[in-house]
Amino acid sequence: MRPDRLLSMLLLRQTHGTMAAPRLAAELEVSVRTVYRDMESLSSAGVPVYAERGRNGGISILPDFRTDISGMTPEEAQALFVLLDDTAHTALGFGESLRSALRKLMTALPTSHRDQATRVSQWILVHPSPR
């Protein structure tokens, strides 16, 4: 469970920027102390995470830090976001899983790939037709 929580914490930080420890604890369903322990673990693993005190403070990651999907080209990232409409996935019970996976993938992509993937997902819709 802890590796999942650390990954979730990392993805939340990349997606939402600075978050107060109590809000992050509520989101992850853990104690505030656990959030700080997890933050130390991420820092030990080389993730540039830090805490700021004060009214606008919270837990942050350096702005330019992103997890990397090694070796993925922009074309590969675009291809992943050109999917059939989610009717088939929903009918099979995978609709929410697909949406969740694409959100995670989008968070993990470098910024330049993310912009292209977003554009491609808005431009192209493949709707299967019966034969």
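Which residues are exposed on the other side of H2? In this predicted model, Pro22 and Ala26 are the exposed residues on that side. The legends below start with the whole chain and then turn to H2 and other sites.

**Figure 1. Overview of the predicted chain.** The chain contains 7 helices and 2 strands. Along the sequence these elements run in the pattern α-α-α-β-β-α-α-α-α. Of the 131 residues in the chain, 31% are buried. Among contacts with a separation of 6 or more, 57% are between residues 24 or more positions apart. The chain exposes about 8700 Å², and 55% of this comes from carbon and sulfur atoms.

**Figure 2. Close-up of helix H2, residues 21-28.** Ala21, Leu24, Ala25 and Leu28 are the buried residues shown in H2. These four lie on the same side of H2, because they cover an arc of only 100° around the axis. An α-helix has 3.6 residues a turn, so residues three or four places apart point the same way. On the other side of H2, Pro22 and Ala26 are exposed. The packing partners of the buried H2 residues are helix H1 (2-16), helix H3 (32-44) and strand E2 (58-61).

**Figure 3. Glu29, just after H2.** Glu29 sits in the loop between H2 and H3. Its phi is positive, at about 60°, although Glu29 is not a glycine. The residue is exposed, with a relative accessible area of 73%.

**Figure 4. The largest nonpolar core.** This core has 16 residues. Those that touch the most other members are Met9, Leu24, Val35, Leu42, Val47, Val49 and Ile59. H1, H2, H3 and E2 each contribute at least two residues to the core. Leu24 is also one of the buried residues of H2. For Val49, contacts beyond four places in sequence are made with Met39, Leu42, Ser43, Ile59, Ser60 and Ile61.

**Figure 5. Asp38 and Arg5, in contact between H3 and H1.** Asp38 belongs to helix H3, and Arg5 belongs to helix H1. Asp38 is buried, with a relative accessible area of 1%. Arg5 also counts as buried, at 18% relative accessibility; the limit for this class is under 20%. Leaving out residues up to four places away in sequence, Asp38 touches Arg2, Arg5, Leu6 and Met9. With the same exclusion, Arg5 touches Leu28, Val30, Thr34 and Asp38. Two of these partners recur in other views: Leu28 is among the buried residues of H2, and Met9 is one of the core residues that touch the most other members.

**Figure 6. Tyr50 in strand E1.** Tyr50 is partly exposed, with a relative accessible area of 29%. Not counting residues up to four places away in sequence, Tyr50 touches Met39, Gly58, Ile59, Ser60, Ile61 and Leu62. Tyr50 and Ile61 are 11 residues apart along the chain, and 6.2 Å separates their C-alpha atoms. Met39, Ile59, Ser60 and Ile61 are also among the contacts of Val49.

**Figure 7. Arg55 in the loop between E1 (49-52) and E2.** Arg55 is exposed, with a relative accessible area of 83%. Ala20 is 35 residues from Arg55 in sequence, and the C-alpha to C-alpha distance between the two is 9.5 Å.

**Figure 8. The largest pocket, with a volume of about 470 Å³.** The elements that give two or more residues to its lining are H1, H2 and helix H6 (95-108). H1 provides the largest share of the lining, 8 residues. In total, 17 residues line the pocket. Ser8, Leu11, Leu12, Ser100 and Lys104 lie nearest the pocket centre.

Key: Residues numbered from 1 in each chain as written. Predicted model: local features only at pLDDT ≥ 70, side-chain atom pairs only at ≥ 80, totals over all residues. Heavy atoms only, no water. Buried < 20%, exposed > 50% of the residue type's maximum accessible area, 1.4 Å probe, protein only. Arc of directions from axis to C-beta. Contact = heavy atoms within 4.5 Å. Core = buried A, V, L, I, M, F, W, Y, C linked by side-chain atoms within 4.5 Å. Areas by Shrake-Rupley, 256 points an atom, 1.4 Å probe, with all protein chains shown as cover. 1 Å grid on protein atoms, 1.4 Å probe; cavity = no way out; pocket = protein on both sides within 12 Å on 5 of 7 lines; lining within 4 Å. Points joined across faces, edges and corners; volume = space filled by probe spheres on them.
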